[in-house]
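Welcome, and please open your viewer for a short walk through this model. We will go one selection at a time.

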Amino acid sequence: MTQSLNVQQMQECLDACLACLRACEMCAEACLDEADVTMMAECIRRDRDCADACALTARLLMRASDLHPDACRMCAEACARCAEECERHAGHHEHCRVCAEACRRCETLCRQMAA
C-alpha cells in the first residue's frame with residue numbers, strides 16, 4: 001500500500017467518523033423528542049456510545065496514533081450495534097434511517113482501517 005493511499009484511507013475513515021458522530025448526536029436528540037421516548041431508550045444509548053466511539057477514533061486518526069487500528073475496531077463494533085438498533089426504527093423515523101446509513105458506512109471504513 002502506498003503512503004498516499006494510506007493517507008487517503010485515513011481521511012475517508014476520519015470523514016466517516018465525523019459524519020457518523022454528527023448523525024448519532026442528531027438521532028439521539030430527535031429520539032428525545034419522540035412521543036414514546038421509553039421505546040427509543042436503547043436507540044439513544046447506542047447513539048451516544050457510537051458518537052463517543054467515533055469522536056475518539058476521529059481524534060486518534062487525526063494525529064495518526066498507533067492506537068487507531070484498535071480504536072477503529074471498537075468504533076466499527078459500536079457502529080454495527082447502533083445501525084442495528086436504528087434500522088429497527090428507520091421505517092418510522094427519518095433520523096434513524098440517516099443514522100443507520102452513516103453508521104454502516106463508518107463501520108465499513110473502520111473495519112478496513114483496523115485490518
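## A stroll from the surface inwards

Begin by selecting D52, an exposed residue with a relative accessible area of 54%. Keep in mind as you look around that this is a predicted model. D52 belongs to helix α2.

Now widen the selection to E25, E29, D33 and D49 along with D52. Together these residues form a patch of negative charge on the surface. Which helices supply the patch? Colour α1 (3-32) and α2 (41-62), and you will have the answer: each of them contributes at least two of the negative patch's residues.

Next, go to helix α3, which covers residues 68-89, and pick out E85. Is E85 buried or exposed? E85 counts as buried, because its relative accessibility is 5% and the cut-off for buried is under 20%. To see what surrounds this acidic side chain, show E42, C43 and R46: E85 touches these three once residues up to four places away in sequence are set aside.

Stay on helix α3 for the last stop and select H68. H68 has a relative accessibility of 13%, so this residue is also classed as buried. Which residues does H68 contact, leaving aside its neighbours within four places in sequence? Display M10, L60, L61 and M113, and you have the set.

For a final view, show D52, E85 and H68 together. D52 is the exposed one at 54%, while E85 is buried at 5% and H68 is buried at 13%.

Methods:
Residues are numbered from 1 along each chain as its sequence is written. This is a predicted model: local features need pLDDT of at least 70, side-chain atom pairs count only at pLDDT 80 or more; totals for chains, interfaces and linings use all residues. Side-chain values use heavy atoms; hydrogens and water are left out. Patches are made of residues with over 30% relative accessible area and no salt bridge: like charges are joined within 9 Å, nonpolar side chains (Val, Leu, Ile, Met, Phe, Trp, Tyr) within 5 Å. Accessible areas come from the Shrake-Rupley method with a 1.4 Å probe; for residues, only the protein chains shown count as cover. A salt bridge is a side-chain nitrogen of Lys or Arg within 4 Å of a carboxyl oxygen of Asp or Glu. Lys and Arg count as positive and Asp and Glu as negative; His and the chain ends are not counted. The place of a charge is taken as NZ of Lys, CZ of Arg, CG of Asp or CD of Glu. Helices (H or I, at least four residues) and strands (E, at least two) are DSSP runs, numbered from the N terminus. Buried means under 20% relative accessible area, exposed over 50%, partly exposed in between (1.4 Å probe, protein chains only). Contact means heavy atoms within 4.5 Å.
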